[in-house]
Amino acid sequence: MDNNNIAKIFKALCDENRVEIIRLLKSGSQCACNIADKLGLGQSKLSYHMKILCDSGLIESWPSGKWMYYKINTIGCEYALNLFQELTSVSNDRPCLCDTAEFESDIATN
């Protein structure tokens with residue numbers, strides 16, 4: 001599990017505009033002009049958000065004419081979901097350090 005990839009995915013999801021862009025793309029691919037218009041964003045602000053989304057692997061892009069088009073990257077989203085599940089899975093195999101006699105002894109002497 002690469003911490004850099006995890007950080008990119010969470011960064012992509014921690015902004016309301018980027019979450020709204022993902023919601024818009026659930027209905028299918030869209031050009032940058034439609035996304036910008038629906039969100040009321042300027043071209044440079046949209047470009048900033050789309051770079052973060054594309055770098056995370058959640059969204060993919062391609063040029064067509066003078067516009068960029070975007071869609072949800074299903075493979076990237078599956079990867080993010082698996083990463084999140086792996087990150088948050090609880091393992092009961094390792095005992096808590098504070099349950100050991102050595103830890104209790106250290107606390108008593110301090």
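**Exercise 1. The disulfide**

Which hand does the disulfide of Cys 31 and Cys 33 have, and what torsion about the S-S bond shows this?

*Solution.* The structure is a predicted model.

Step 1. Identify the bond. The structure contains one disulfide, and its partners are Cys 31 and Cys 33, with sulfur atoms 2.4 Å apart. This distance satisfies the cut-off, which requires the two sulfur atoms to lie within 2.5 Å.

Step 2. Read the torsion. About the S-S bond of Cys 31 and Cys 33 it is about -60 degrees, and therefore the disulfide is left-handed.

Step 3. Consider the surroundings of each partner. Cys 31 is buried, at 5% relative accessibility, whereas Cys 33 is partly exposed, at 25%.

Step 4. Classify two further cysteines. Cys 14 has a relative accessibility of 60% and counts as exposed. Cys 77 has a relative accessible area of 29% and is partly exposed.

**Exercise 2. Overall architecture and confidence**

State how many helices and strands the protein has, and indicate where the confidence is lowest and where it is highest.

*Solution.*

Step 1. Count the elements. The protein has six helices and three strands. Along the sequence they follow the pattern α-α-β-α-α-β-β-α-α.

Step 2. Examine the confidence. The mean pLDDT is 88, and 83% of the residues reach 70 or more. Helix H2 (residues 16-25) has the highest mean, 97, and helix H6 (residues 101-109) the lowest, 62.

Step 3. Draw the consequence. Where pLDDT is low, the predicted coordinates should not be read in detail.

Step 4. Add the totals. The protein has 110 residues, of which 25% count as buried. Among contacts with a separation of 6 or more, 52% join residues 24 or more positions apart.

**Exercise 3. The two sides of helix H3**

Determine which residues of helix H3 (residues 32-39) are buried, and decide how they are placed around the axis.

*Solution.*

Step 1. List the buried residues. In H3 these are Ala 32, Ile 35 and Ala 36.

Step 2. Locate them around the axis. They cover an arc of only 95 degrees, so they lie on the same side of H3.

Step 3. Relate this to helix geometry. An α-helix has 3.6 residues a turn, so residues three or four places apart point the same way.

Step 4. Inspect the other side. There, Asp 37 and Lys 38 are exposed.

Step 5. Find the cover. The buried residues of H3 are covered by elements including H2, strand E1 (30-31), helix H4 (43-56) and strand E3 (67-72).

Step 6. Look just beyond the helix. Gly 40, just after H3, takes a positive phi of about 70 degrees.

**Exercise 4. Three sites in helix H4**

Describe the salt bridge of Asp 55, the contacts of His 49 and the position of Lys 45.

*Solution.*

Step 1. Begin with the salt bridge. The count of salt bridges comes to one. It joins the side chains of Asp 55 and Lys 51, at 2.8 Å from N to O.

Step 2. Explain the spacing. Asp 55 and Lys 51 are four residues apart in helix H4, so about one helical turn separates them. Asp 55 is partly exposed, at 42% relative accessibility.

Step 3. Turn to His 49. This residue also belongs to helix H4, and at 3% relative accessibility His 49 is buried. Its side chain makes a polar contact of 3.0 Å with the side chain of Arg 18. Apart from neighbours within four places in sequence, His 49 is in contact with Asp 15, Asn 17, Arg 18, Ile 21 and Leu 41.

Step 4. Finish with Lys 45. This residue of helix H4 is partly exposed, at 46% relative accessibility. Lys 45 and Asn 17 are 28 residues apart in sequence, and their C-alpha atoms are 9.9 Å apart in space.

**Exercise 5. A residue in a loop**

Is Asn 73 buried or exposed?

*Solution.*

Step 1. Place the residue. Asn 73 lies in the loop between E3 and helix H5 (74-88).

Step 2. Apply the cut-off. Buried means under 20% relative accessible area. The value for Asn 73 is 18%, so Asn 73 is buried.

Step 3. Identify the partners. A polar atom of the Asn 73 side chain lies 3.1 Å from the backbone nitrogen of Ile 75. Not counting residues up to four places away in sequence, Asn 73 touches Gly 57, Leu 58, Ile 59 and Glu 60.

Methods: Residues numbered from 1 in each chain as written. Predicted model: local features only at pLDDT ≥ 70, side-chain atom pairs only at ≥ 80, totals over all residues. Heavy atoms only, no water. pLDDT = per-residue confidence, 0-100. Helix = DSSP H or I, 4+ residues; strand = E, 2+ residues; numbered from the N terminus. Buried < 20%, exposed > 50% of the residue type's maximum accessible area, 1.4 Å probe, protein only. Arc of directions from axis to C-beta. Contact = heavy atoms within 4.5 Å. Polar contact = N/O pair within 3.5 Å; in protein donor to acceptor, adjacent residues only side chain to side chain. Salt bridge = Lys/Arg side-chain N within 4 Å of Asp/Glu carboxyl O.
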